[in-house]
Amino acid sequence: MKMPGINGLALAKSIRADGNLCSTSLIMLTSVFFHDMAASARDAGFVAFLNKPVRRGELYQCIAGVI
């Protein structure tokens, strides 16, 4: 979610606006996630959310569920 120069929501909106990338399934990985952030994240295009640190099994299950 938090990256230098851009946040995850803005990046997701940019991806959604790109015709070549717009069908990409997005997973938000963040160290802090607030439930009130969920609506904004879904509106931006995220289909799943993970909190860091992420265990390998959690990541696998999330990716498998999204695909």
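**Exercise 1. Place leucine 11 in helix 1, and find which surface patch it joins.**

Step 1. Leucine 11 lies in helix 1 (residues 8–17); helices here are DSSP runs of H or I with at least four residues, strands are E runs of at least two, and both are numbered from the N terminus. This is a predicted model, in which local features need pLDDT of at least 70, side-chain atom pairs count only at pLDDT 80 or more, and totals for chains, interfaces and linings use all residues. Residues are numbered from 1 along each chain as its sequence is written, and side-chain values use heavy atoms, leaving out hydrogens and water.

Step 2. Leucine 11 counts as partly exposed because its relative accessibility is 33%; buried means under 20%, exposed over 50%, and partly exposed in between (1.4 Å probe, protein chains only).

Step 3. Together with Met3 and Ile6, Leu11 forms a nonpolar surface patch of about 220 Å² accessible area.

**Exercise 2. Which residues of helix 1 are buried, and what covers them?**

Step 1. The buried residues are Gly8, Leu9, Ala12 and Ile15. They sit on the same side of helix 1 because they cover an arc of only 120 degrees around the axis, taken from the directions from the helix axis to the C-beta atoms.

Step 2. On the other side of helix 1, look for Lys13 and Ala17, which are exposed.

Step 3. The cover over the buried residues of helix 1 includes strand 1, strand 2 (6–7), strand 3 (26–30), helix 2 (38–44) and strand 4 (46–51).

**Exercise 3. Find the loop that holds proline 53, and describe the peptide bond from lysine 52.**

Step 1. Proline 53 belongs to the loop between strand 4 and helix 3.

Step 2. The bond from lysine 52 to proline 53 is cis, with omega near -5 degrees.

Methods:
Patches are made of residues with over 30% relative accessible area and no salt bridge: like charges are joined within 9 Å, nonpolar side chains (Val, Leu, Ile, Met, Phe, Trp, Tyr) within 5 Å. Accessible areas come from the Shrake-Rupley method with a 1.4 Å probe; for residues, only the protein chains shown count as cover. A salt bridge is a side-chain nitrogen of Lys or Arg within 4 Å of a carboxyl oxygen of Asp or Glu. Contact means heavy atoms within 4.5 Å.
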